[in-house]
Amino acid sequence: MGNVRSAPTTILWILLLTLACTDERIVFREPVNPPPDANSGFLGYFTASDKQTTCGNCHIGHQRAWLNTAHADAYATLANSGGAQTFCYSCHTVSNKGNATPAPSGWEAVNDTAYHDVQCESCHGPGVTHVEEPDAPAGPNNPPLAHVAVLGDSATLARSCADCHSGFHHPFVEEWSQSAHARSLEEEPGHFVADNANCASCHEGKAALAAWGVTANYAERSQTGNTNFLGMTCAVCHDPHGSARKADGTPIAGQLRYPIDVADANQNLCMKCHQRRPEPDATAVRGPHSPQGPMLLGDAGYKPAGFDPDVQAVASTHGSERNPRLCAGCHVNRYTVTDPQTGNLTFQSVGHLFLPIPCLDANGIPSTDKTCAYNATARTWGACTNAGCHGDATTAAAAFNLSRQRMDQLTKQIWDDINVNDTVDAAPTDGGYLSDFVNVPPTEFAATDGRISPAEGARFNVRMLRIVDGADGS
């Protein structure tokens with residue numbers, strides 16, 4: 001009973017505590033360590049031993065997703081590579097690389113374990129001001145924490161992914177900038193217009209993110225209006241915040257927004273766009289448009305009424321389990337070029353030209369030229385040989401040319417567009433079976449009757465597979 005205070009005593013204690021705290025500011029101790037580099041304000045890890053970032057103490061979801069990325073092991077990957085150079089570490093740590101902080105800062109100023117790996121602040125910039133007063137309004141001395149402190153995109157400007165994902169060993173941005181993915185909507189030829197939502201969702205970065213339901217405020221996402229159109233930049237295909245997950249819960253490699261090894265045109269990252277018109281449309285005058293995904297899976301093209309093909313039986317070998325990465329199995333591949341005299345590395349391609357068998361320049365470097373010969377020396381066949389399907393470049397080139405020859409012969413039996421005007425003309429202007437149907441009433445090629453005739457379907461299939469004037473349009 002001696003430890004029980006009477007009611008008057010309890011009231012007195014409450015009064016004294018109230019008076020004592022009247023002029024005191026209530027301070028909530030945040031889970032924050034002092035920044036090792038106080039000048040920059042980079043906080044880095046809260047506990048480096050378990051890779052708990054200071055930002056992740058509050059942003060729990062991002063912390064959890066980030067742990068499944070290669071960024072979370074960037075320091076160890078470099079340190080254990082056997083070829084680490086001092087200048088390499090700024091891209092494998094929290095530093096001024098990737099954000100608007102002046103150099104040297106972070107790891108470049110203070111080599112502390114708190115700055116190991118590519119953490120949140122590598123892209124968002126120093127977080128000390130934010131954690132000191134999270135609700136402070138944005139202003140000159142308190143810039144908002146948003147990806148890349150520049151009004152640009154994640155690929156082509158300094159202070160972005162390009163700061164690290166470029167250069168001799170990993171020229172992602174250099175290759176990407178030469179690819180069609182780098183072209184924005186306004187650069188597309190002819191009929192593509194800026195306000196056409198059907199086109200923009202695959203031909204403009206911001207529209208693609210909107211179509212996929214991405215709401216994070218990336219530079220790609222936040223720009224509005226009919227200016228500053230972007231191509232398919234890094235942040236369109238890759239999630240900067242971490243790895244998405246497949247239906248079975250496993251993280252998707254490469255921080256990709258969708259998997260590349262799923263044989264579903266609606267879930268495969270490449271096929272999300274490369275499947276726009278794989279079958280003829282009675283209301284569309286145009287022929288096939290971006291049908292590559294369903295073609296690979298064996299489900300593209302016109303099918304006569306009552307014809308129900310076994311998709312697994314007609315899928316190409318490249319669309320089967322023999323090629324688990326599907327589109328990427330051929331279109332995104334690394335390979336190296338070495339000096340034949342010294343054996344030293346002279347170039348490393350990271351496959352972001354997205355060409356499966358690109359032409360090579362005089363130095364053996366892949367180019368965007370598509371006119372070179374389909375032989376073992378003019379092109380690289382690494383996508384074919386590295387997968388183990390073809391023994392060497394000569395074998396792969398021979399298989400490709402045989403398949404190409406057969407395709408050319410079969411399509412020309414149906415329609416040989418001799419005058420190359422993309423219109424079925426009566427023989428002898430054109431050749432093949434379809435040229436015999438041009439003047440047969442009622443016409444088999446009526447664009448306004450709302451139906452797909454067998455002749456129109458056959459023409460669609462030829463357009464999807466043909467070789468025109470020596471160029472492979474399949």
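Two residues are in contact when they have heavy atoms within 4.5 Å. The structure is a predicted model, in which local features need pLDDT of at least 70, side-chain atom pairs count only at pLDDT 80 or more, and totals for chains, interfaces and linings use all residues. Residues are numbered from 1 along each chain as its sequence is written, and side-chain values use heavy atoms, with hydrogens and water left out.

**Exercise 1.** Describe where aspartate 417 lies and what it touches.

Solution.
Step 1. Aspartate 417 is in the loop between H15 and H16; helices (H or I, at least four residues) and strands (E, at least two) are DSSP runs, numbered from the N terminus.
Step 2. Buried means under 20% relative accessible area, exposed over 50%, and partly exposed in between (1.4 Å probe, protein chains only). Aspartate 417 counts as buried because its relative accessibility is 14%.
Step 3. Not counting residues up to four places away in sequence, aspartate 417 touches Asp422, Thr423, Asp430 and Arg466.
Step 4. A polar atom of the aspartate 417 side chain lies 2.8 Å from the backbone nitrogen of aspartate 422.
Step 5. A network of salt bridges links Asp417, Asp422, Arg463 and Arg466. A salt bridge is a side-chain nitrogen of Lys or Arg within 4 Å of a carboxyl oxygen of Asp or Glu.

**Exercise 2.** For the salt bridge of glutamate 279, name the partner and state whether each residue is buried or exposed, or in between.

Solution.
Step 1. The partner is lysine 303, and the closest N and O atoms are 3.4 Å apart.
Step 2. This pair links distant parts of the chain, 24 residues apart: glutamate 279 is in the loop between helix H10 (234-237) and helix H11 (292-297), and lysine 303 in the loop between H11 and helix H12 (311-314).
Step 3. Glutamate 279 has 40% relative accessibility, so it counts as partly exposed. Lysine 303 is partly exposed because its relative accessible area is 23%.
Step 4. For another pair, take glutamate 204 and lysine 206, with the closest N and O atoms 2.7 Å apart; both residues are buried.

**Exercise 3.** Describe how strands E3 and E4 are joined.

Solution.
Step 1. Strands pair if DSSP finds at least two bridges between them.
Step 2. Strand E3 (residues 335-338) and strand E4 (residues 345-349) run antiparallel and are joined by four bridges.
Step 3. Threonine 336 is opposite glutamine 348 in E4.
Step 4. The hairpin has six residues between the strands, and glycine 343 there takes a positive phi near 80°.

Definitions and conventions
A polar contact is a pair of N or O atoms within 3.5 Å; within protein, one must be able to donate a hydrogen and the other to accept it, and residues adjacent in sequence count only if both atoms are side-chain atoms.
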